[in-house]
Each structure stands twice: as structure tokens, then as C-alpha cells.
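Q: Please take a close look at a single part of this structure. Then describe how the parts around it are arranged, for a reader who has not met it before.

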There are 2 protein chains.
Amino acid sequence: MTTFTFDIFGTDKKARRGRVTTAHGTFETPCFMATATSATVKGMFPDDVRATGAQLAICNTYHLMLRPTAERVAQLGGLHKFMDWPGPIVTDSGGFQVMSLSKLRTLNENGVTFRSHLDGTAHELTPERSMQIQNLLDSDITMCFDECTPHPATHEQAAQSMRLSMRWAERCNKAFVRRDGYALFGINQGSTYPDLRLESAEALAQLDIDGYGIGGLAVGEGQEAMFATLESIVPAYKAEKPRYLMGVGRPDDIVGAVLRGVDMFDCVMPTRSGRTGQGFTRRGTLNIKNARHQDDMRPLDETCACLACTRYSRAYLHHLFRGEEMLGPMLLTLHNVQYYQDLMRGLRESIESHKLDDFAAAFHEGQARGDIDPVS
Amino acid sequence: MTTFTFDIFGTDKKARRGRVTTAHGTFETPCFMATATSATVKGMFPDDVRATGAQLAICNTYHLMLRPTAERVAQLGGLHKFMDWPGPIVTDSGGFQVMSLSKLRTLNENGVTFRSHLDGTAHELTPERSMQIQNLLDSDITMCFDECTPHPATHEQAAQSMRLSMRWAERCNKAFVRRDGYALFGINQGSTYPDLRLESAEALAQLDIDGYGIGGLAVGEGQEAMFATLESIVPAYKAEKPRYLMGVGRPDDIVGAVLRGVDMFDCVMPTRSGRTGQGFTRRGTLNIKNARHQDDMRPLDETCACLACTRYSRAYLHHLFRGEEMLGPMLLTLHNVQYYQDLMRGLRESIESHKLDDFAAAFHEGQARGDIDPVS
């Protein structure tokens with residue numbers, strides 16, 4: 001039997017270098033997850049996802065309960081087999097998506113009733129049902145069902161929302177079926193109010209949780225407020241548990257959050273941007289659809305080892321996007337995921353060698369330089 | 001220097017087993033090309049296309065002259081480099097697409113003037129310009145610029161159209177720049193009228209062409225008329241030159257045409273079907289979007305070695321298509337291209353072993369059985 005563990009074997013100031021062991025293998029931290037919302041990383045073969053260095057995938061309770069349903073996934077052998085991802089899987093609890101995607105939703109103490117954004121059918125999500133669904137999916141890391149407090153929120157609104165999430169967290173803690181190698185993460189809420197964040201962290205400390213989700217950030221409060229919130233609350237978490245900043249973010253968000261002690265990240269940005277033509281490079285972002293690339297024989301990023309950069313010119317990628325050819329999003333997604341994984345690898349190595357500040361400085365310098373000059 | 005050659009080293013009745021050598025390598029015949037209309041096989045990485053056994057790609061003059069333009073492709077080093085396809089490439093002449101896709105087209109003795117279906121800009125295609133474009137693209141096999149006679153056509157219409165194409169073929173023959181390893185194929189026309197097909201074949205025999213395109217078929221005349229036309233005209237071609245049945249077709253069209261002496265094929269069917277949910281198997285076709293597959297743990301085709309069949313269930317592929325996830329078309333396209341290449345490999349091996357009739361019988365028996373029964 002495998003026990004769920006988090007081993008921290010290096011630090012650089014507040015940043016930690018660790019390894020998480022789950023029922024389906026290990027992943028190195030700080031890590032950026034492969035976003036597989038509906039049991040697929042959009043536009044990528046799982047082998048190619050793994051080849052970028054991604055070890056942990058994140059799927060979504062809300063999407064999967066509606067289609068193909070958790071019961072069907074369970075009958076088909078669980079998510080790992082279903083989607084050809086034998087490695088560790090996190091599932092989000094559905095709390096965020098039910099409020100942002102579903103129709104006619106009603107939230108009360110018990111949970112949320114809503115209509116599917118796909119076909120209008122009626123459904124209910126409660127802490128207990130979310131735990132059950134994530135169990136059926138065979139998720140290695142189950143997230144507590146919470147309400148993501150909207151931004152902006154008054155102190156009173158944020159307090160009420162956070163306290164509801166903490167009562168739900170207690171119910172999740174009771175309903176979660178403990179199994180070797182499987183983990184339950186609480187989710188810290190409280191908007192950008194330090195006192196509420198602390199109250200939430202203290203409530204979570206009473207539960208048998210294996211890690212902290214940091215929720216309710218990257219919802220419009222801005223990077224400065226997000227970093228200030230992390231600085232105020234991260235030290236209040238139990239140091240031996242992993243910290244997961246949910247839904248974050250841009251490369252500079254990640255670098256800043258790692259400096260502030262965050263271990264885990266997920267965001268749709270590399271894959272979504274890959275479909276719309278935004279590429280991430282060591283010199284910032286670029287829009288491959290821009291005409292400046294149409295005669296450019298150079299790769300997207302000459303320092304990148306991905307297929308898009310080693311085999312193709314910017315001119316070709318531009319051509320694919322202009323023609324709305326599938327291969328464009330396929331290649332740019334692959335590149336963006338590789339870029340994020342390279343960034344995480346760089347962060348991990350620099351923590352190990354106690355050179356994180358140097359790494360961050362070089363990162364910011366590269367981003368500030370901006371994209372290479374167009375061909376004349 | 002590489003000379004363009006076609007070596008026939010096996011026959012079974014009318015069917016031939018051969019190998020074509022071009023400036024960019026060889027391909028085995030009978031072959032089915034990888035359809036890369038706009039310099040990409042839709043939804044596939046070139047490495048994956050090659051891994052199915054495809055050796056020859058086909059790109060399109062009409063599409064590429066409009067975007068990114070032939071001059072730009074030439075400046076970027078030619079099609080092989082542009083699209084990461086170092087192997088042999090055929091280009092269609094644009095004659096078919098200019099009539100089916102463009103707007104406000106006017107055909108006269110000189111050629112066709114038209115407006116782009118992309119942006120309405122005015123363009124002209126003539127035999128000479130088509131040769132020039134295909135040269136700029138660095139195509140290994142250049143197709144003569146012709147008019148694809150519509151179906152149905154009266155004998156008079158078909159005769160006029162075919163004779164125009166033959167006058168254009170003479171101009172192509174003059175304009176084509178001969179280079180070692182590069183070939184010019186004529187295109188036989190004449191609708192389903194044996195006398196016109198013969199007149200066309202005799203006209204082509206006067207030219208310095210390296211192979212025969214068989215045009216104007218699979219345009220609505222039906223398989224019986226297509227096979228009858230092949231039976232009447234193929235024996236009139238010079239036996240030592242390859243025969244390419246353009247735009248064909250369904251698996252049973254291909255098997256029947258190989259039996260009638262055809263060496264080369266291309267069709268959008270495996271890739272287009274892969275995007276819309278139609279899968280090809282040894283037991284006919286299936287629609288993966290059908291609800292009968294939603295709980296089916298079995299692969300699409302248990303005898304297929306492709307990624308889609310070795311890693312995923314029908315239930316998962318169904319899930320991807322229902323969710324309009326890119327991975328669905330990616331996997332099904334990969335499978336369909338693999339299916340077609342496996343079919344061609346089977347045809348080649350059965351010609352070598354003089355068992356083509358047995359192979360064709362087994363093929364038809366499998367197709368007639370229909371898809372596996374649904375799970376209960």
C-alpha cells in the first residue's frame with residue numbers, strides 16, 4: 001500500500017522543493033498540473049503531455065458528473081484508465097464551476113441545485129455528493145466542496161461565504177472515504193481579508209486534511225492583492241502539507257507565488273492560449289496570428305526543445321492559425337505546456353541550488369525584453 | 001542525382017506491385033496518399049502520419065497559391081521544409097478546386113480567372129501558372145492543369161471539356177521545368193465515355209509525361225460506372241507508368257480499382273470522417289457519436305495497432321466527440337489513416353503473394369459483417 005506523503009527536501013527562503021507520493025505515483029513540486037477538465041488535456045495526446053514533464057493532471061467534478069457521469073467513469077474502470085493517465089490525478093470539487101457555468105443555480109446550507117449548461121437537466125451538488133463523485137472518479141487528490149467567494153466582496157459577504165465553505169469542509173471531512181495513497185485537500189477562503197483567511201486556516205487545521213487549496217484568488221483582485229494575501233496567510237498553514245494555489249496562473253504569478261511558499265498550480269492558460277494563438281516564450285507572449293510572423297523562418301522560441309520549436313517556423317505556425325488548421329492549436333498548446341513545465345523545472349532546480357532569486361530575476365529580465373524583432 | 005522511376009516488381013492479374021523513386025525518396029505502390037491540402041494533414045503530426053505507413057503526401061495548388069502563396073513557400077525553403085515532410089509530395093494542379101471552391105470564375109481557352117473563396121481577391125490560373133506554382137512549391141509530382149468534367153455531361157460536353165484539358169496538357173508539358181527526380185503526370189479525362197477516354201489517353205501518349213492521373217471519376221457516376229471506365233481505359237495507358245485515380249475513395253473503391261490496375265490514390269475521406277466521427281474498421285464503418293458506444297469498453301477495432309485502438313475504449317472516444325474535444329478528431333483521424341494504410345499494406349502484400357483475390361474476398365466479407373454487436 002502507498003501512503004500519501006509530501007516530502008520537502010529543499011528550501012530557498014519561503015520556497016519549498018518537494019515530492020508528493022500518491023496511490024498512482026509521485027509528482028515533484030513546485031508543480032504545474034496538466035488541465036484535463038473533461039478527462040482530456042485539450043488538443044494533446046497524454047504521451048505528449050507526459051513528455052513535457054507534467055506528472056499530475058486535474059479533472060473537474062462538475063464537467064464529469066454531467067458527462068459522461070461519475071458512475072459511468074467508475075464502471076469503465078476510473079479516470080486513470082478512461083483517459084489513459086496512469087499517474088496522479090486531482091479533481092476539483094465542482095464548487096467553482098457550478099457557480100460560473102450552470103443555469104438557475106440555488107445555493108443554500110445543504111449545497112447547490114442547478115441546471116446543466118449542456119442540456120438543462122436538474123442536478124444537485126452537496127459536500128457529500130462531491131466526495132462521492134470524486135471517489136467514483138478515483139481521484140488521488142480530492143478537493144473539498146466550497147463556495148468560491150466572488151470578487152469584490154465586502155468583509156461581511158466574504159465572512160459568510162467562507163464560513164459556509166468551512167461548514168461544508170467539515171462535512172467533506174466526514175464524507176471522504178480514506179484510502180491509502182488518496183488525499184483530501186481543504187480549501188482556504190476569506191477573499192483578501194487577512195483575518196478571514198486566518199479564521200479559515202484555523203478551521204481547516206481542525207480537520208484531517210492532507211493539503212491546502214488556496215481558493216478565491218485570481219478572480220480579479222490583481223496580482224498585488226494576491227501576493228499580499230499569500231504573504232499573510234501561507235505562514236499560517238501547517239508547514240508539512242502541500243499548498244495549492246487554485247486556478248493560477250500567468251508565468252509571473254507562478255514565480256511570485258513559489259517565492260511565497262506555494263507548491264502546486266493549475267490554470268487553463270497554456271492550453272486555452274494555445275488554441276487562440278497566444279504563445280509563451282522566455283521573452284514574453286506573442287500572438288502567432290499577427291502578420292509580423294508570416295515570413296519568419298525562426299522558431300517560436302529558439303531555446304525550447306518542443307516539437308513546435310524544433311520542426312517548424314513561426315511562418316508555418318502563422319499559416320496554420322490563419323487557415324484554422326487543427327495542427328496550429330495542437331503545436332502551440334504543446335509548446336505552451338512545455339514552456340510552463342520548463343518554467344517549473346527551472347523553479348525546482350533553482351530552489352535546490354538556492355538560486356531562486358537569481359532565477360526569478362532572469363525570468364523577469366527575459367519577459368521584460370519582449371519578443372524578438374520581426375524580420376525586415 | 002535521383003531519376004524519377006517506377007519499378008514494377010510484382011503483378012497479380014491486372015494489379016501491380018511497384019516502387020516510385022523521386023527527388024525526395026521512394027514510395028511503395030499501390031499507395032494511398034496523406035491528404036495535406038493546405039500543407040498539413042488535418043489533425044495529425046507528420047511523425048504520426050509517417051508512422052501509419054504513409055510515404056507520399058498530396059498538397060493543393062489552389063489552396064496554397066491563396067495562402068500562404070507559392071512565392072512565400074518558396075522563400076521559406078519549399079513545401080517539404082515548410083510542413084516538415086521530407087518525403088515525396090504530389091501537388092494537385094488546382095483545376096478541380098478552382099471550379100468547386102472559388103467565386104465568379106470564368107473559364108476560357110487561356111485558363112480560369114476567379115475570386116478567392118477566402119477574401120474575394122482576383123486571381124488567374126493557367127496551365128503555365130499552375131506549373132510555375134507547383135515548381136515554387138517544390139512538388140515531386142506535378143499534375144497537369146485540367147478541367148474536371150462535371151457529371152453528368154453529354155458526350156458533346158465531355159468531348160469539349162476533355163479536348164480543352166488535352167490542349168492545356170500540351171501547354172503544361174511545355175511549361176514544366178524538368179528536373180531530376182521530379183515528374184509531370186498527365187490527367188486522363190472523357191467522363192464515362194470510352195471513346196473519349198481513349199482519345200484523351202492517346203493525346204497524353206504524345207507528351208513527355210511520367211504518369212497518368214485518372215480524373216473526372218468519383219464525381220457522382222457511381223462505383224459501377226467508375227469500375228467500367230477503369231476497365232475500358234487502363235489497358236490503353238503505357239504499362240510502365242504509374243496510374244493515379246484522383247480523389248478516390250472509399251475502401252471498397254480502392255480495392256476494386258487496385259484489381260483493375262490502379263497504383264495511386266488520394267481522398268479526404270479518412271481525415272474528414274475522422275473529424276466528424278465516422279470510423280473505418282475491418283467490419284465496415286461506425287459513427288462513434290452513436291449512444292450505443294457510450295458504455296463500450298472495447299476498442300474501435302481490436303485488430304488495429306493504432307493509438308486510438310490500443311489505449312482507449314469506444315466509450316472514451318464517444319465521450320470526446322460528445323464533448324467536441326479536439327482529442328476525439330485527433331484519435332479518430334489517426335485511426336482512419338492507419339486503417340487506410342493497413343489496407344494498402346494488405347493489398348501490396350497480397351499482390352506480391354498472388355493472393356489478391358483472396359484478400360479482396362476477405363475484405364468484402366469483413367465489411368459485410370458490419371460492426372460488432374453493442375454491449376448489452
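A: **Strand β7 of chain A and its surroundings**

Thr91(A) stands opposite Thr142(A), a residue of β11(A). The model is predicted: local features need pLDDT of at least 70 and side-chain atom pairs count only at pLDDT 80 or more, while totals for chains, interfaces and linings use all residues. Residues are numbered from 1 along each chain as its sequence is written, and chains are lettered from A and ligands numbered from 1 in the order in which they are written.

Thr91(A) lies in strand β7 of chain A, which covers residues 89–92. Strands here are DSSP runs (E, at least two residues), as are helices (H or I, at least four), numbered from the N terminus. Strand β7(A) is joined by 2 bridges to strand β11 (residues 141–143) of chain A, and the two run parallel. Two strands count as paired if DSSP finds at least two bridges between them. Strand β6 (residues 57–60) of chain A also pairs with β7(A), in the parallel sense and over 4 bridges. In that pairing, Cys59(A) stands opposite Thr91(A). Both faces of β7(A) are covered, with Ile89(A) and Thr91(A) buried on one side and Val90(A) and Asp92(A) buried on the other. A residue is buried if 20 or more other C-beta atoms, placed from the backbone, lie within 10 Å of its own, exposed if 12 or fewer do, and partly exposed in between.

These strands belong to an open sheet of 9 strands in chain A, ordered β4-β15-β14-β13-β12-β11-β7-β6-β5, with parallel pairing. At its edges are β4 (31–32) and β5 (34–35) of chain A, each of which pairs on one side only. Elsewhere in the sheet, strand β13 (residues 211–214) of chain A runs parallel to strand β14 (residues 243–245) of chain A, and 3 bridges join the two. There, Tyr212(A) has Arg243(A) in β14(A) as its bridge partner.

Chain A has another open sheet, of 3 antiparallel strands in the order β1-β2-β3. Its edge strands are β1 (5–12) and β3 (25–29) of chain A, each pairing on one side only. From one strand to the next, the twist averages 15 degrees; angles run from 0 to 180 degrees between N-to-C directions, and axes are lines fitted to C-alpha atoms, for helices over the stretch in contact. Strand β2 (residues 15–22) of chain A and β3(A) run antiparallel and are joined by 5 bridges. They form a hairpin with 2 residues between them. Bridge partners in this pair include Arg19(A) with Glu28(A) in β3(A), and Thr21(A) with Thr26(A) in β3(A).

At the level of domains, chain A is divided into domain 1 (5–267) and domain 2 (273–369), with bounds that come from an automatic or database domain assignment. Their centres, taken over C-alpha atoms, are separated by 27 Å. The contact takes 24 residues from domain 1 of chain A and 23 residues from domain 2 of chain A, two residues being in contact if their C-beta atoms, placed from the backbone, lie within 7 Å. On the domain 1 side, the elements giving two or more residues are β1, β2, β4, α1 (46–51) and α10 (251–259) of chain A. Helix α10(A) gives the most to this side, with 6 residues. By class, the domain 1 side has 13 nonpolar, 5 polar and 6 charged residues. Ala, Val, Leu, Ile, Met, Phe, Trp, Tyr, Cys and Pro count as nonpolar, Asp, Glu, Lys and Arg as charged, and the others, Gly among them, as polar.

Chain A also meets chain B, in a contact that takes 31 residues from each chain. On the chain B side, α3 (70–75), α12 (307–311), α13 (314–322) and α14 each supply at least two residues. The largest share of that side, 5 residues, comes from α13(B). Its residues divide into 15 nonpolar, 8 polar and 8 charged.

A rotation of 180 degrees, with 0.0 Å of shift along its axis, superposes chain B on chain A (RMSD 0.0 Å). The two copies are therefore related as by a two-fold rotation axis. In chain B, the C-alpha nearest that axis is that of Met326(B), 4.1 Å from it. Superposition is by least squares on the C-alpha atoms of residues with pLDDT of at least 70 in both copies.
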